Amino acid sequence: MTSPTSANNRLVLRLIAVVVGMFGFGFALVPLYDVFCDITGINGKTDNKAAVRTVDEIDKNREITVEFITRTNSGMPWEFRAETQKVLVHPGEVNTVAFYVRNPASSNIIAQAIPSVSPGQAALYLNKTECFCFNQQPLKAGQEAWMPMSFYVDTSLPEDITYFTLQYTLYDVTARATDLMESDNPYLRQPVSGSR
Amino acid sequence: MTKATETLMPEHTAAHDNLSHEHDDHEHHGAPKGLMRWVLTTNHKDIGTLYLWFAFIMFLVGGAMAMVIRAELFQPGLQIVDPNFFNQMTTVHGLIMVFGAVMPAFTGLANWLIPMMIGAPDMALPRMNNWSFWILPFAFSMLLGSLFMEGGGPAFGWTFYAPLSTTYSSDSTALFVFSVHIMGISSIMGAINVIVTIFNMRAPGMTWMKMPLFVWTWLITAFLLIAVMPVLAGAVTMVLTDKFFGTSFFDAAGGGDPVMFQHIFWFFGHPEVYIMILPAFGIISQIVPTFARKRLFGYASMVYATASIALLSFIVWAHHMFTTGMPVFAEMFFMFATMLISVPTGVKVFNWVATMWRGSMTFEIPMLFALAFIVLFTIGGLSGLMLAITPVDFQYHDTYFVVAHFHYVLVTGAVFSIMAAVYYWLPKWTGKMFNITLAKWHFWCSLISVNVLFFPMHFVGLAGMPRRIPDYSLQFADYNQWISIGGFAFGLSQLIFLVLVIKACRKEGEPVTSQVWEGAEGLEWEIPSPAPYHTFETPPKVK
């Protein structure tokens, strides 16, 4: 039989361990949340890396409508629009859509585009082979660019999804990405398909 | 070791050894005199009193902020305060009422009552007890002080959703974060103390299933506290680093996600609302049997229901977030899990009613508050069920219907239970019966005004009035005038309570017996009234 003091101490230590563990758990929720959303695709988050297309199969029997929405976060002065509001695609087929950006401000600005897919489950089946959203995009004052995004819809897309929306929001990340300040946007002079 | 200690049961030495020996000299006398008594005290009764007074002061401060809110909303248009200050009032009102009034009041009751109910001489960790109280005034001075800073205090709602609390908040957010840290540490220390006391310091014969329900509900609450307060601390820390140190936990531009804030917050937030109601269930379960003169119906089912509510509280958090665009299966899951909670809650309400069934009921003041609690808390529970239904929640979300719901469960639920508890145990604490005439005035004024205050909120909410706005459309004007009148009346009614408590603390009134109430049973009713400074230095016999 141990003395009551050590019984108290033991219990207190265990409870403190729970407290520390739960504090850690609060932070562990951050990666857990991302992993959970990545696996289930319920957050409408698309992969941040270029997809490698392995099969060439194109499902000509299905037609999916992909709609594009562009917006800029508050305080972000750029003009931002997609060359087309929506495209009809067959699952498996690679499409490229160009997005127009212009920096009307008198200062150089670096942007980061964040994608979001609705309905969220569709995010798992949207594969991008190239996207301006993979990198931060600098534009000097007054510059404009057409930025490409190439994607294909996975052929295993569930039957009930026939229409989905891909939204990009542009954020001003100049403050935290100063190393890009002097570099030119890679899409600056490069004409991309569909640009006018 | 003094002679007195040797006669104590082994459990008591546990508490005693945690005391420094300098304190031994006044440990076994009455209360020391002067201000330092309160600063240095390690006595559970003193600390309980400190907590209760602190909670009462905070209740009045938070209430004064509610008066500002209701004065602004008396008419449509902006007339008294500017919108930024209005937002600070709604935010700080919520924070103060949750962390400054309801939670410390319950901790105060726990300090006073748990040792007396389980036959322990004091809390297990008396010096930590002192510490967990005395950091609270600093936390709330910081929070209230931030209101006077440039840019104002926190104005993002008590839920401090990112990016409101990160990108768009004033610099005083750092003060908010640190004050929440301190409140959290205080609650965690209080909870650890409660758990250790209940585990290690029960009198011989006080088995788990003989513990009074107030002790049971507090034990479960304490486990909820140590499980979720650290998560809150994590959430505010992330807000702090997002705002000031360039991290992007909640900033989409940096790869974070603002919706994740809501998940983390409500993972804390939903257990938190049960932290504020489970001790209330315990209080009502003590009071109803006394004045029905019957044993509590379904004691074991009460314990299991409390534990079920606590467990379920961890899997329902996203019902606060139905409109964030969750997939349908998640909405269904959280909807049904939430509705499931009404089963153990229904068990409790059923048991209270069954306890009164064919009892010899009398309607003393604590019973009046307990009955008001049962009826009005159930109204709040039913509006909670309405909110749990996902499709209709899209209409109710962020409207005054939600405000009505949580004020029914927190004001006529938690706060009424605290008032019932104060009326029930005050004669035991002071040794004198409180002024019953004043108490009746307090009860009836509060009961009527609180319903004038909160009931019409259901209607304006269903009609579409959003919460947290300083101005509103003209069609809501009539209801809002009624609500404001009810609000002022409820606020003034609490001054009656203040006068009553001050009179009671000055030991005015008729002396009471040790049992105080005819039907009262339990260890705390076997010691003299007023409860001596030290009780159960030798453990009682528990039948």
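In chain A of this predicted model, strand S1 (residues 64-72) and strand S3 pair in the antiparallel sense over four bridges, where strands are DSSP runs of type E with at least two residues, helices are runs of type H or I with at least four residues, both numbered from the N terminus, and two strands count as paired if DSSP finds at least two bridges between them. Within this pairing, A:Ile64 stands opposite A:Val89 of S3(A). The side chains along S3 (residues 86-89) of chain A alternate, with A:Val87 and A:Val89 pointing to one face and buried, whereas A:Lys86 and A:Leu88 point to the other face and are not buried; buried here means under 20% relative accessible area, exposed over 50%, and partly exposed in between, with a 1.4 Å probe and protein chains only.

Both strands belong to an open sheet of five strands in chain A, which has the order S3-S1-S9-S5-S7 and mixed pairing. Its edge strands are S3 and S7 (137-139) of chain A, each of which pairs on one side only. Neighbouring strands of the sheet are turned by 30° against each other on average, direction ignored, the axes being lines fitted to C-alpha atoms. At the S7 edge, strand S5 (residues 109-118) of chain A is joined to S7(A) by three bridges, and the two run antiparallel; here A:Ile109 stands opposite A:Leu139 of S7(A). In general, strands of a sheet pair through backbone hydrogen bonds, either parallel or antiparallel.

Chain A also meets chain B, with 28 residues of chain A in contact with 40 residues of chain B, contact being heavy atoms within 4.5 Å. The area buried between the two chains is about 2,800 Å², of which carbon and sulfur atoms give 72%; this is the accessible area (1.4 Å probe) that the two parts lose on being put together, summed over both. On the side of chain A, A:Asn8, A:Leu15 and A:Tyr33 lose the most area to chain B, together 20% of what that side buries. Helix H1 (4-40) and S5 of chain A each supply at least two residues of the side that touches chain B, and the largest share of that side, 18 residues, comes from H1(A). Across this interface the rule finds zero salt bridges, a salt bridge being a side-chain nitrogen of Lys or Arg within 4 Å of a carboxyl oxygen of Asp or Glu.

A search of the whole structure nevertheless finds five salt bridges over all chains. One of them joins B:Asp46 to B:Arg37, with the closest N and O atoms 2.6 Å apart, and B:Asp46 counts as buried at 2% relative accessibility. Another is formed by B:Glu518 and B:Arg293, whose closest N and O atoms are 2.5 Å apart. Because B:Glu518 lies in the segment after helix H19 (477-505) of chain B and B:Arg293 in the loop between helices H12 (278-292) and H13 (299-312) of chain B, this pair ties together parts that are 225 residues apart in sequence. B:Glu518 is exposed, with a relative accessible area of 59%, whereas B:Arg293 is partly exposed at 28%.

Residues are numbered from 1 along each chain as its sequence is written, and chains are lettered from A and ligands numbered from 1 in the order in which they are written. Local features need pLDDT of at least 70, side-chain atom pairs count only at pLDDT 80 or more, and totals for chains, interfaces and linings use all residues, while side-chain values use heavy atoms, with hydrogens and water left out.

Conventions
Axes fitted to C-alpha atoms, helices over the stretch in contact; angles between N-to-C directions.
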